[in-house]
There are 2 protein chains.
Amino acid sequence: MSDNPLHRLLNPLSIATVGSGNNIMKMGTMHALSIIKDGFAGAYYPIHPKEEKVLGRRAYPSVADLPEVPDLALLVVPSDQVAGLLEDFGKKGTQSAIIITAGFGEIGDEGGRMQERLNEISRTYGIRFLGPNCMGIINSEISLNTTVIPYPYGPGSLGFASQSGTYVTQSIPYLGKKGIRFSKAISVGNSANITITDALEYLGQDDQTRAISLYIEGIRDIRRFIDMARRVTPVKPVLAQYVGGSGAGARSSMSHTGSMAAPDHLYEGMFRQAGVIRADTIEELYHYGNMLAVQPRLKGRRIAVLTNSGGPGSAIANALEKGGLTVPEFSPELRQKIRPLIPPHAPSGNPVDLTFHMDFDALPVNIPSLVFDSGEVDGLIMHGIMRSGFIKAGYSHFRDVFNGAPVETILNMMPDNVKKITSISRFGKPVCVSSFFDRDDDCTAAYEDHGIPVFDAPEKAAGAMVCMLRYTEILERKPWKPVTIPRTPQAADKLAAGCRARGQGNMDEHESKLFLKSWGIPVTEELIARDEDKAASGADTVGYPLVIKACAGDILHKTGAGLIYLNQKSREEAVASFRNIQKAAGRRVPVILYRMVKGDREFVAGIVRTPGFGPSVMFGLGGILTEALGDAVFRPAPLSEDDAVEMIWNIRSRTLLGPFRGMPEVNVTSLARMLHRLSLIPLAHPEVSEIDINPVIIEGAEPVAVDALVVFDGP
Amino acid sequence: MSDNPLHRLLNPLSIATVGSGNNIMKMGTMHALSIIKDGFAGAYYPIHPKEEKVLGRRAYPSVADLPEVPDLALLVVPSDQVAGLLEDFGKKGTQSAIIITAGFGEIGDEGGRMQERLNEISRTYGIRFLGPNCMGIINSEISLNTTVIPYPYGPGSLGFASQSGTYVTQSIPYLGKKGIRFSKAISVGNSANITITDALEYLGQDDQTRAISLYIEGIRDIRRFIDMARRVTPVKPVLAQYVGGSGAGARSSMSHTGSMAAPDHLYEGMFRQAGVIRADTIEELYHYGNMLAVQPRLKGRRIAVLTNSGGPGSAIANALEKGGLTVPEFSPELRQKIRPLIPPHAPSGNPVDLTFHMDFDALPVNIPSLVFDSGEVDGLIMHGIMRSGFIKAGYSHFRDVFNGAPVETILNMMPDNVKKITSISRFGKPVCVSSFFDRDDDCTAAYEDHGIPVFDAPEKAAGAMVCMLRYTEILERKPWKPVTIPRTPQAADKLAAGCRARGQGNMDEHESKLFLKSWGIPVTEELIARDEDKAASGADTVGYPLVIKACAGDILHKTGAGLIYLNQKSREEAVASFRNIQKAAGRRVPVILYRMVKGDREFVAGIVRTPGFGPSVMFGLGGILTEALGDAVFRPAPLSEDDAVEMIWNIRSRTLLGPFRGMPEVNVTSLARMLHRLSLIPLAHPEVSEIDINPVIIEGAEPVAVDALVVFDGP
């Protein structure tokens, strides 16, 4: 176990609160009620300046008066009192605090300074805190709930950490009705001290937690988050929602938790690299997270669909296939075994559609057994299993037929298969259910209480199974090895220092390529020529056909300006072009000469830096369509070669990587090595703000950087 | 009003059923119970061979014995009895029937023949029927429900038609709990006689219906559907889900309703052309359909977000912006008015985040009024309005504080703002709510009962508002004019007939271009030459630089085979190339010569035919990346020029249509005219099975077909 501060914070033996009283209309009181009423077995000490008792518990006038050092302090007081109280607890020896109070980093500079003061106190006294601007925590293992809503559902296995407090408070009754139970829930608020990365680490280590869901508005310690996620995701699945990617989302996130957001495509790439599964909505975050938490791993791609209704069957099959799973037709042997259990004309091939039938065991028990025993599938989705919900829904019509008997009497007349249906878990393969009936139906309740998720729409059940596949794919990745940043090549340092000393804002093309080459990136082998004679002899040295280009740090756009000549087939052509370039430039300008690189496949690669996010590698489709198609993907730097391979295959136009128009498939290993090496540069060269390599041409199978630009930070 | 058969079928004065008895375990009995118990005021006649009474109503031994001609017959009998009974009702004079029984077109050839027999009876006696293999109908206006589940929710405004019976039966209790009410619901089953297109027409004309949702597995009368949708969608919104687009979806649809499915991209294009909004899930179909049915139109793009919690606020803002709406920052004036109503540090700019507060009118009443009065927004989403649900959720904690008072007592102590909150409708602008509290909460129930939809996740509320925008965009389209197919050009007829007479399976390139030209499509002006002299003189006539190409019906792939030479700059070059082509072909082969068309922008266009769907136009990105990028869109033929403009702008790489690398923007009018004319061909030439134009090069601003192939249907 690490020294993660949440181990202590989530497992206190004693808790003190400040701001809880006897006025039920105050938030502090509601927090205290949850501690008192939800089963926490440790000691609880309300601190109150006036009351002798708070909610029936003896109250203490100040921190100093407490009879023991509380393990955890919870503060719900005006923002200007927080620092003083945190210090009091620090002095007392308390090591963990939850600061509910808002009005810190999220309100601007003044709040930011107050928040920094809290961190100073934390460092001074070794007291670690959650928040400020949060809603507290739930540890279902020890019945500890510090939020403002009761959590009466018992232990669960979904670990949840959120930059929104609402998602661990307002939503609790909703989650109860959906049968979703937290192992631990952690509202991190502004993440000023204990961050969402700490929560990820803690939940990754927590035995009770089988899957982790994260609600994210902007991560403060992004590099640590990535490394942490890479450690956790091979052990248990991590799902994340990110909402800061749009302008309005970023503005809202800033004013909500003071989070610095970054464009969506950067987070998207970061999640992919880190093995984090992306959730698009809070519903997916809860429900798919729950599926991952309660069901066994999916070990293949073949899914059976059993239904009593064709529409949901079609919808499930369609959504599964769109998500990358298969709905294989059953073998004739299996169909023959299923046939006697379903009506004569009902489809038996997968989906199996029982249509209207009165055998209550066929759909949930007997056919699933046949299907799993066959070995023909790796997972199962069922739709249309219902019992008491159906009777209740129809009761107004049935009542007279049963001479006014109460609904329970009618229910008792029906075969009770509810105990049997959950035995499906014995096959050890993932199963979930689609039903329009909620926990009012005893089948739905039985499934949920036995860890078989029930979704209120067929597409959601299919989506949950697709999410299982996403995690299977993550487990199939090569083991992660942290990337070590090698020593900076002397040539690179010298080049950069030289350019900076000369006051250049960027390297010229030749310098840029030499710089990249020193980092091991394949570039055009080129000569520089400053006069006609050198151009002529250089041309012969390089060989034909060749390219001749103006080269100066202040010349960024050569095409169309008469500063570049391609496909030069002779010394004479090259010399003429040299003269033309001088004319077009209107001054003496050096040229570079290199053998023309031929290939129909062009890509782009580069480095960008984003405030609050750090350096990223870009890779995408190049050539004249680059901007029109916007087919580019991003990954946080550095990348291992394995990371780079995944990144390369992530572009939409990935078929270009295979054999193409008589050319061999791209050597993706070479291309990945190129991106890996490129990704090291921003970490070794803090002075480099941006790199563009455009195009990277694939010559035969091998990538070559044909034009490049290295830009420095400010002057 | 049209002579749509559903007018009669959904509004009967009397109903007879066959297959309903006193055994509650039989489906027929459940159908009868719904007719009897849900408030239908007309006459009901059960037909039963043995019973004197069915469910307390006098039963009749046969159709002939009925005391009057029933307006509607409902059949739930074994499939071999259906035809005979339908004929009996036809003879009696009944004009409408619902055939619940399955085992017809969906089970294969034998069932198909039985289904055809039903249509013969329909034609003979003028009796129109719904189904077979359906679940009946609901007409909430006259309390008529023929499904197997009670529908006790009263009149609604969402019209629903479905190829799945489950979506108008099993889901009824779910819909009740979500506050969604049908105007009419129509289960069309196999659509053998009355189709989903008839349902669309009927719902389009029905005054009670304000929006239409369709669940589709495959449309039988696709051309009529498109024309119908174009008529209906300017009047009221139509939403559709289609699940037949994948292999498994298509297989399942076929065995479910005998529906012939087509690939997803064809339905996608058809929906867009017809102005139908696509729903991806049944939840969207219900909930977004309901939003469109109960809320006023969205007349702009500016949305306000009011919340008591930052997370949902960020999620809503982010999802709105991703969907094309804006979340504008409020003016200083408006913020100043809002400021006193919210806590000191709470964000007031949009989203407005009230955070924890005890003013129960601020979020649902007072701030919305300020916001709408300002004129700064066109719609509103609120999150976090709750009352009784919150108290109930917290009751286990509050009880002792209130000395064990019952939950109702505590509720009565709270300010009751529930009557006030629905007055928000008076602004006549679309509003919806996000809440984790269902109808157990009196605020949620009040909203739903007053036509203000409540969604159980923030992203769903945002999605519903985005769906409103989709409909606004559809209303902004130019008025639809049906496309008339002009007389076939004589030249086209003659060319096609000539090729067919010669036994050609396709036209050669030159013929193909002449054929397209006769239809008004711009092609390269070219000469054909069969010997060297003609090639030489032809080259001079065409002008340089030119292209010379082998041209024969059996030569389809010229690139790389030495059969095409580009950029020929002189007569000598052209003649040499002519010789090379003869050598490469290994036989005497004619060549075509045309002036080389120059332009960096290449597109493709074409015609495909799909069984069960008919002819479609394809348009996409061309050039060497065509297949790699797969950026193509499809629309059913024919297209008006307006249709074609929309289609052209639908490609991903649409920025290529603007000014590009020094070239002017594409003349989209010319390109649209080209696609319009292309789209007429398959309707005029049933013998043409496929057309490929690849590439269409944009020269300057104008499109030219540079290579083309016209293929005929089998020999």
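**Close-up 1. The residue that follows helix α3(B), and the helix itself.** In this predicted model, G93(B) comes after α3(B) and has a positive phi, near 115°. Helix α3 of chain B spans residues 79-92, and its 14 residues reach 21 Å from the first C-alpha to the last, close to the 20 Å expected at 1.5 Å a residue (the expected span being 1.5 Å times one less than the number of residues; helices are DSSP runs of H or I with at least four residues, strands are runs of E with at least two, and both are numbered from the N terminus).

**Close-up 2. The buried and exposed sides of α3(B).** S79(B), V82(B), L85(B), L86(B), F89(B) and G90(B) are the buried residues of this helix (buried means that 20 or more other C-beta atoms, placed from the backbone, lie within 10 Å of the residue's own, exposed that 12 or fewer do, and partly exposed is in between). Because they cover an arc of only 145° around the axis, they lie on the same side of α3(B) (the arc is that of the directions from the helix axis to the C-beta atoms). On the other side, D80(B) and G84(B) are exposed.

**Close-up 3. The surroundings of M465(B).** Leaving aside residues up to four places away in sequence, M465(B) touches I303(B), L320(B), L325(B), G379(B), I381(B), P430(B) and C432(B) (contact means C-beta atoms, placed from the backbone, within 7 Å).

**Numbering and confidence.** Residues are numbered from 1 along each chain as its sequence is written, with chains lettered from A and ligands numbered from 1 in the order in which they are written. As the model is predicted, local features need pLDDT of at least 70 and side-chain atom pairs count only at pLDDT 80 or more, whereas totals for chains, interfaces and linings use all residues.

Conventions. Contact = placed C-beta atoms within 7 Å.
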